[in-house]
Amino acid sequence: MEMVVMSADQVRTMMIEAASIAVKHNSPPTTLNTPKPKEPVSPEELCKRLDISKPTAWAWERKGILKGYHLGNRKYYLWDEVIAAMQKGREVEA
């Protein structure tokens with residue numbers, strides 16, 4: 001096995017590119033118990049419903065794909081905004 005040395009910026013760029021590809025290729029699940037529009041979902045629930053990791057959700061938020069909201073020290077996402085972001089990603093791909 002060969003060791004590769006990368007700078008933090010190179011790793012960050014690689015992760016952002018991977019998240020972008022994941023957004024384009026992951027469609028939102030339609031068979032799960034979908035929350036009501038405007039219903040807040042926790043990062044854990046978001047990741048479970050979209051089958052993504054927390055770092056992916058955070059990367060999407062940093063890129064402006066998702067918008068996180070804070071209530072006290074807890075973070076939430078609005079489900080209808082998540083669906084809109086996923087649909088927008090598919091429109092860009094088409």
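This is a conversation about a predicted model of a protein.

Trainee: What is the order of the elements in the protein, from the N terminus on?

Mentor: The order is α-β-α-α-β-β-α. That gives four helices and three strands.

Trainee: How much of the protein is buried?

Mentor: Buried residues make up 27% of its 94 residues. The accessible surface is about 6900 Å². Carbon and sulfur atoms hold 56% of that surface.

Trainee: What share of the contacts in the protein joins residues 24 or more positions apart?

Mentor: The share is 51%, counted among contacts with a separation of 6 or more.

Trainee: Take helix 1. Why is alanine 19 called buried?

Mentor: Its relative accessibility is 4%. Buried means under 20%, so alanine 19 qualifies. Alanine 19 has its place in helix 1.

Trainee: Which residues is alanine 19 in contact with, leaving aside its neighbours within four places in sequence?

Mentor: They are Ala59 and Trp60. Both are also listed among the buried residues of helix 3.

Trainee: How far apart are the C-alpha atoms of alanine 19 and isoleucine 52?

Mentor: They are separated by 9.7 Å. Along the chain, the two residues are 33 residues apart.

Trainee: What makes arginine 12 and aspartate 9 a salt bridge?

Mentor: The N to O distance between their side chains is 2.5 Å. The cut-off is 4 Å, so the pair counts as a salt bridge.

Trainee: Where do arginine 12 and aspartate 9 lie?

Mentor: Both are in helix 1, residues 8-25. They sit three residues apart, about one turn of the helix. An α-helix has 3.6 residues a turn, so residues three or four places apart point the same way.

Trainee: Are arginine 12 and aspartate 9 buried or exposed, and what is the evidence?

Mentor: Neither word fits, because partly exposed is the class between 20% and 50%. Arginine 12 has a relative accessible area of 46%, so it is partly exposed. Aspartate 9, at 49%, is partly exposed too.

Trainee: How many salt bridges are there by this rule?

Mentor: The count comes to four. Another one of them joins lysine 54 and glutamate 44, at 2.8 Å from N to O. Lysine 54 lies in helix 3 and glutamate 44 in helix 2, so this pair ties together parts that are ten residues apart in sequence. Lysine 54 is partly exposed at 31%. Glutamate 44 is partly exposed at 45%.

Trainee: What makes glutamate 61 and lysine 75 a salt bridge?

Mentor: Their side chains meet at 2.9 Å, N to O. That is within 4 Å, so the rule is met. Glutamate 61 lies in helix 3 and lysine 75 in strand 3, residues 74-78, so the pair ties together parts that are 14 residues apart in sequence.

Trainee: Why is glutamate 61 called partly exposed?

Mentor: Its relative accessibility is 22%. Buried means under 20%, so glutamate 61 falls in the partly exposed class.

Trainee: Which residues of helix 2 are buried?

Mentor: They are Pro43, Leu46, Cys47, Arg49 and Leu50. These residues cover an arc of only 165° around the axis, which puts them on the same side of helix 2.

Trainee: How do you know that the buried residues of helix 3 line one face?

Mentor: Those residues are Thr56, Ala57, Ala59 and Trp60. Seen down the axis of helix 3, they fall within an arc of 160°, so they line one face of the helix.

Trainee: What makes arginine 49 lie over the face of tryptophan 79?

Mentor: Arginine 49 is at 5.8 Å from the ring centre. The distance cut-off is 6 Å, so that part of the rule is met. The rule also limits the angle to within 35 degrees of the ring normal. Arginine 49 is recorded as lying over the face.

Trainee: How many aromatic pairs are there by the rule for rings?

Mentor: The count comes to zero.

Trainee: What is the phi of aspartate 51?

Mentor: Phi is near 55°, a positive value in a residue other than glycine. Aspartate 51 lies in the loop between helix 2 and helix 3.

Trainee: Why is aspartate 51 called exposed?

Mentor: Its relative accessible area is 68%. Exposed means over 50%, so aspartate 51 qualifies.

Trainee: Which residue takes a positive phi just after helix 3?

Mentor: That is glycine 64, with a phi of about 90°.

Notes:
Residues numbered from 1 in each chain as written. Predicted model: local features only at pLDDT ≥ 70, side-chain atom pairs only at ≥ 80, totals over all residues. Heavy atoms only, no water. Helix = DSSP H or I, 4+ residues; strand = E, 2+ residues; numbered from the N terminus. Buried < 20%, exposed > 50% of the residue type's maximum accessible area, 1.4 Å probe, protein only. Contact = heavy atoms within 4.5 Å. Areas by Shrake-Rupley, 256 points an atom, 1.4 Å probe, with all protein chains shown as cover. Arc of directions from axis to C-beta. Phe/Tyr/Trp six-rings, centres within 6.5 Å; stacked < 30°, edge-to-face > 60°.
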